[in-house]
Amino acid sequence: MTALNRVPSLMARAGTASALTLAAVGGSIAVPGLATDASAATMATKALKVAASKKGAPYAWGATGPRRFDCSGLTLYSYKKAGKKLPRTAAQQYNKTHHISSRSRKAGDLVFFHSGSYVYHVGIYAGHGKIWHAPKTGDVVKLERIWTKSVWYGRVS
């Protein structure tokens, strides 16, 4: 029986119970949206760690890992390892994310570089204005400061 399923029986035994009472008897309280937010945060954190673990892997156009990557191949691979399937290209990935403001961005969110409405690059936000990404031919997966204001943010859910 999950903790969520135990709540009604605990409430019946205890009558009207406070959160502290439930906690004391090993119960839990379901808060709308909390479990989804927590699991999304866990997934994003895992994807970020996977991307960071690929530091130094060479860029190869069209590559999706595990040894070589292009930009969207790195994000696809990282989120796949975290348990979430993403489409192949940066533009397709942008269209599959929940679009968020720069003020709402969190580590593990995707950062999409654009020119007008054309999305041409993607990385994984690492916090402090930096991303993990596979930049270009002749380069490697690395942590780098975001170099432009022409970015959009997307959260994988």
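**Exercise 1. How many salt bridges does a search of the whole structure find?**

Solution. Start with the ground rules. The model is predicted, so local features need pLDDT of at least 70 and side-chain atom pairs count only at pLDDT 80 or more, while totals for chains, interfaces and linings use all residues. Residues are numbered from 1 along each chain as its sequence is written, and side-chain values use heavy atoms, with hydrogens and water left out.

Step 1. Set the criterion: a side-chain nitrogen of Lys or Arg within 4 Å of a carboxyl oxygen of Asp or Glu.

Step 2. Run the search. The result is three salt bridges.

Step 3. List the pairs.
- D70 with R88, at 2.8 Å, N to O.
- R155 with D109, at 2.8 Å, N to O.
- K142 with D139, the closest N and O atoms being 3.1 Å apart.

**Exercise 2. Classify the partners of each salt bridge: buried, partly exposed or exposed.**

Solution. Step 1. Fix the classes: buried is under 20% relative accessible area, exposed is over 50%, and partly exposed is in between (1.4 Å probe, protein chains only).

Step 2. Take D70 and R88. D70 sits in the loop between α3 and α4, R88 in the loop between α4 and α5 (90-96), 18 residues apart. D70 has 6% and is buried. R88 has 27% and is partly exposed.

Step 3. Take R155 and D109. R155 belongs to strand β6 (residues 151-155), D109 to the loop between β1 and β2, 46 residues apart. R155 is partly exposed at 22%. D109 is buried at 2%.

Step 4. Take K142 and D139. K142 is partly exposed at 26%. D139 is buried at 15%.

**Exercise 3. Lay out the sheet and place helix α4 on it.**

Solution. Step 1. Define the elements: helices (H or I, at least four residues) and strands (E, at least two) are DSSP runs, numbered from the N terminus. Two strands pair if DSSP finds at least two bridges between them.

Step 2. Write the order. Six strands make an open sheet, β1-β6-β2-β3-β4-β5, with antiparallel pairing.

Step 3. Find the edges. β1 (98-100) and β5 (142-145) each have a single partner strand, so one side of each lacks a neighbour in the sheet.

Step 4. Get the twist. Neighbouring strands are turned by 40° against each other on average, direction ignored. Axes are lines fitted to C-alpha atoms, for helices over the stretch in contact; angles run from 0 to 180 degrees between N-to-C directions.

Step 5. Zoom in. β2 (residues 110-115) and β3 (residues 118-127) pair over six bridges. V111 has G123 in β3 as its bridge partner.

Step 6. Add the helix. α4 (residues 71-81) packs on the sheet and touches β2, β3 and β4 (130-133). Its direction makes about 45° with that of β3.

**Exercise 4. Describe the surroundings of L110 and L48.**

Solution. Step 1. Define contact: heavy atoms within 4.5 Å.

Step 2. Take L110. This residue is in strand β2. Its relative accessibility is 0%, so L110 counts as buried. Beyond four places in sequence, its contacts include T75, Y79, V122 and W152. L110 and W152 are 42 residues apart in sequence, yet 8.4 Å apart in space, C-alpha to C-alpha.

Step 3. Take L48, in helix α3 (residues 34-53). L48 is buried at 14%. Outside the four places either way in sequence, L48 touches A107, G108, I124, Y125, A126 and W132. L48 and G123 are 75 residues apart in sequence and 9.8 Å apart, C-alpha to C-alpha.
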